[in-house]
Amino acid sequence: HAPIQDDVLRLGGQTEREGERMRAKEYLQQVRILDERINCKLSDVARLQDMATRITPILREDVASGGGCSHDRLADTVAKIVDLKAEIDWDVDRLVDKKKEVSSLLDKLTDRRYYAVLFRRYILFETFEQIACEMNCSWRNACYLHGQALDVFQQVMDKEDKGNDEG
């Protein structure tokens with residue numbers, strides 16, 4: 001299996017790919033990246049399970065005629081399903097850890113509006129329209145607040161990185 005690239009989903013503040021500091025938006029988007037990959041794998045499992053149910057009737061025909069090709073296809077499909085489910089379990093663990101990590105950094109924001117807009121956007125995956133409605137402001141103001149919040153969150157990340165570099 002191909003695990004999610006660690007240069008994209010890095011726990012620290014730097015990407016190994018380019019040796020540069022990860023920007024706040026990239027860092028926060030890691031939650032959605034993990035969530036989307038899990039959903040893709042779940043769709044793949046459903047597709048494979050559907051395929052496995054189609055292979056089963058052919059297996060019965062082959063048993064009667066003495067062939068075993070469908071059994072191999074069924075076994076291969078079941079093995080793929082098992083492997084994919086193990087990957088999903090691992091990815092879900094990473095998603096939970098990443099959400100905890102992001103939430104703990106978001107908790108360091110002193111302006112609750114900044115916390116709310118970033119939490120809603122990057123943890124709840126709300127659109128700016130939904131955020132504006134929930135925060136009782138215009139779409140434009142929600143976007144502006146988001147930009148301000150990212151700037152302040154970047155400062156929080158930089159402060160954390162400095163603290164980790166010194167310790």
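**View 1. Salt bridge between Asp 91 and Lys 41 in the predicted model.** The side chains of Asp 91 and Lys 41 form a salt bridge, with a distance of 2.6 Å from N to O. The pair links distant parts of the chain, since Asp 91 belongs to helix α2 and Lys 41 to helix α1, 50 residues apart. Asp 91 has a relative accessible area of 1% and is buried. Lys 41 is likewise buried, its relative accessible area being 13%. Both values fall under 20%, and therefore both residues count as buried.

**View 2. Salt bridge between Glu 87 and Lys 41.** Here the closest N and O atoms of Glu 87 and Lys 41 are 3.0 Å apart. Glu 87 lies in helix α2, which covers residues 69-106, while Lys 41 lies in helix α1, which covers residues 24-65; the pair therefore ties together parts of the chain that are 46 residues apart in sequence. Glu 87 and Lys 41 are both buried.

**View 3. Salt bridge between Lys 108 and Glu 160, and the network of Lys 41, Glu 87 and Asp 91.** The closest N and O atoms of Lys 108 and Glu 160 are 2.8 Å apart. Glu 160 is part of helix α5 (residues 139-166), and Lys 108 is assigned to the loop between α2 and α3, so this salt bridge ties together parts that are 52 residues apart in sequence. Lys 108 is partly exposed, at 44% relative accessibility. Glu 160 is also partly exposed, at 28% relative accessibility. Elsewhere in the model, Lys 41, Glu 87 and Asp 91 are joined into one network by salt bridges that share partners. In total, the structure holds eight salt bridges.

**View 4. Surroundings of Ile 88 in helix α2.** Ile 88 is found in helix α2 and counts as buried, at 8% relative accessibility. When neighbours within four places in sequence are left aside, Ile 88 is in contact with Ile 38, Lys 41, Leu 42 and Val 45. One of these residues, Lys 41, also forms the salt bridges with Asp 91 and Glu 87 shown in the earlier views. Ile 88 and Lys 41 are separated by 47 residues in sequence, and their C-alpha atoms are 6.8 Å apart in space.

Terms used: Residues numbered from 1 in each chain as written. Predicted model: local features only at pLDDT ≥ 70, side-chain atom pairs only at ≥ 80, totals over all residues. Heavy atoms only, no water. Salt bridge = Lys/Arg side-chain N within 4 Å of Asp/Glu carboxyl O. Helix = DSSP H or I, 4+ residues; strand = E, 2+ residues; numbered from the N terminus. Buried < 20%, exposed > 50% of the residue type's maximum accessible area, 1.4 Å probe, protein only. Contact = heavy atoms within 4.5 Å.
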